[in-house]
Amino acid sequence: MANVASPLQFGDPPRLGPYVVQARLHTAPAGFVYLGQAPDGRAVSLAVLTRGAAYDAAARDRFVTAVREAGGRERAGRRGWLGLPGRPRGAVLEGAPEVLAFDGGQAPWVAVPYAPGRPGAERFLEPVMVGGTFIGEAHGPDFVPYWLTDRAPALPGPTRRRLPPTETRKRVLLAALALVLLLVLVTVILLLLLLGRQDSEQQPRQLPPTVFVPTPPPTPETPVPQPSPSQSPSPSESGQSTPGRSPGEDPGDESPL
């Protein structure tokens, strides 16, 4: 298969692990193959599953299993049912290229050396598409996965850079120091508010206890005039009295004229 490089398109990953993605090499129903560059400048071939295949647990497991078998992490030649020797699963990838690095997470990818005119990372996309059963030859109609319509490349999630322990320790110390300074500042403000309130609100002084002693009324300097006893007025003093009966006279004692 001739690998003809084409420019990257929208949605293609700019990097896969330590490898820089430079161009597209091949497009398969199960994924994409890119031309990349290793940190040491070596050209590599990178295979990435489509988003639909990566979301399918069975398809993702077939891709990861093929990569691990080619990398020598699992041995072929297992026994099949009833203890009979079955077909080794790694036989489908005979002559697979050397695996330089791979990621078996939710968005798996694999990197192999790039050699023009030789099979590259697209060999690991072949086992993802299942056309029959795992025993014997394929029979019946072709199997079409439901995820073929989702053709976007599966991109790994953003990786959080872990800070070195020294940097983390410095940040913790700075945060603790800032917290202590904040607590001291709040304490000083509260003390100033309390002292200012006490100065502005002066409490009235308590008066000394008093003993009430009543004083006698004042004595006048001149004697108060006393009224004299009343006397009956004399005839000369009172003038001529009006003729008439005097008190105590009896009208029968009057002499007739």
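**View 1. Strand β6 sits inside the predicted model.** In this predicted model, 4 of the 5 residues of β6 are buried, so the strand is largely enclosed by the rest of the structure. One neighbour is β4, which pairs with β6 in the antiparallel sense over 5 bridges. Within that pairing, Ser45 stands opposite Val112 in β6. The other neighbour shown here is β5. Strands β5 and β6 are also antiparallel, with 3 bridges. Phe102 has Val110 in β6 as its bridge partner. A hairpin joins β5 and β6, with 5 residues between them.

**View 2. Six strands make one open sheet.** The order across the sheet is β1-β2-β3-β4-β6-β5, and the pairing is antiparallel. Its edges are β1 (15–16) and β5 (101–103), each of which pairs on one side only. Along the sequence, the chain reads β-β-β-β-α-α-β-β-α-α. That comes to 4 helices and 6 strands. In a regular strand the side chains alternate between the two faces of the sheet.

**View 3. Strand β3 pairs with β2 and with β4.** Of the 7 residues of β3 (residues 31–37), 6 are buried, so this strand is largely enclosed by the rest of the structure. On the β2 side, β3 meets residues 19–28 in an antiparallel pairing of 7 bridges. Ala28 stands opposite Gly31 in β3. The two strands form a hairpin with 2 residues between them. On the β4 side, β3 pairs with residues 43–49, again in the antiparallel sense and over 7 bridges. Two bridge partners mark this register. Leu35 is matched with Ser45 in β4. Val33 is matched with Ala47 in β4. The β3–β4 hairpin has 5 residues between its strands. In its turn, Gly41 has a positive phi of about 90 degrees.

**View 4. Ser45 links two of the strand pairings.** This residue of β4 is the bridge partner of Leu35. Ser45 also stands opposite Val112 in β6. The β3–β4 pairing runs over 7 bridges, and the β4–β6 pairing over 5.

**View 5. Arg24 is a buried arginine in strand β2.** Arg24 has its place in β2. The relative accessible area of Arg24 is 10%, so this residue counts as buried, the cut-off being under 20%. What does the side chain of Arg24 make a polar contact with? The partner is the side chain of Asp12, at 2.9 Å. Leaving aside neighbours within four places in sequence, Arg24 is in contact with Val4, Ala5, Ser6, Pro7, Leu8, Gln9 and Asp12, among others. Its contacts also include Phe32, Val33 and Tyr34.

**View 6. Tyr19 and Trp109 form an aromatic pair.** The whole structure holds 2 aromatic pairs. In this one, Tyr19 and Trp109 meet edge-to-face. Their centres are 6.1 Å apart, with 80 degrees between the planes. The pair links distant parts of the chain: Tyr19 belongs to strand β2 and Trp109 to strand β6, 90 residues apart. Are Tyr19 and Trp109 buried or exposed? Both are buried.

**View 7. The largest nonpolar core draws on strands and helices.** This core has 24 residues. Those with the most contacts inside it are Leu49, Phe63, Val110, Phe124, Leu125 and Val128. At least two core residues come from each of β2, β3, β4, α1 (51–55), α2 (57–70) and β6 (109–113). Which element gives the most to this core? Helix α2 does, with 5 residues. Apart from this core lies another, of 11 residues, including Leu16, Val48, Trp109 and Ala111.

**View 8. Leu49 and its contacts.** Leu49 is one of the residues with the most contacts inside the largest nonpolar core. Not counting residues up to four places away in sequence, Leu49 touches Ala30, Gly31, Ala54, Arg60 and Phe63, among others. The list also includes Pro108, Leu125, Val128, Pro153 and Ala154.

**View 9. The whole chain, for context.** The protein chain has 257 residues, and buried residues make up 24% of them. Its accessible surface comes to about 20000 Å². Carbon and sulfur atoms account for 59% of that surface. Among contacts with a separation of 6 or more, 53% join residues 24 or more positions apart.

Technical notes:
Residues numbered from 1 in each chain as written. Predicted model: local features only at pLDDT ≥ 70, side-chain atom pairs only at ≥ 80, totals over all residues. Heavy atoms only, no water. Buried < 20%, exposed > 50% of the residue type's maximum accessible area, 1.4 Å probe, protein only. Pairing = 2+ DSSP bridges. Core = buried A, V, L, I, M, F, W, Y, C linked by side-chain atoms within 4.5 Å. Contact = heavy atoms within 4.5 Å. Areas by Shrake-Rupley, 256 points an atom, 1.4 Å probe, with all protein chains shown as cover. Phe/Tyr/Trp six-rings, centres within 6.5 Å; stacked < 30°, edge-to-face > 60°. Polar contact = N/O pair within 3.5 Å; in protein donor to acceptor, adjacent residues only side chain to side chain.
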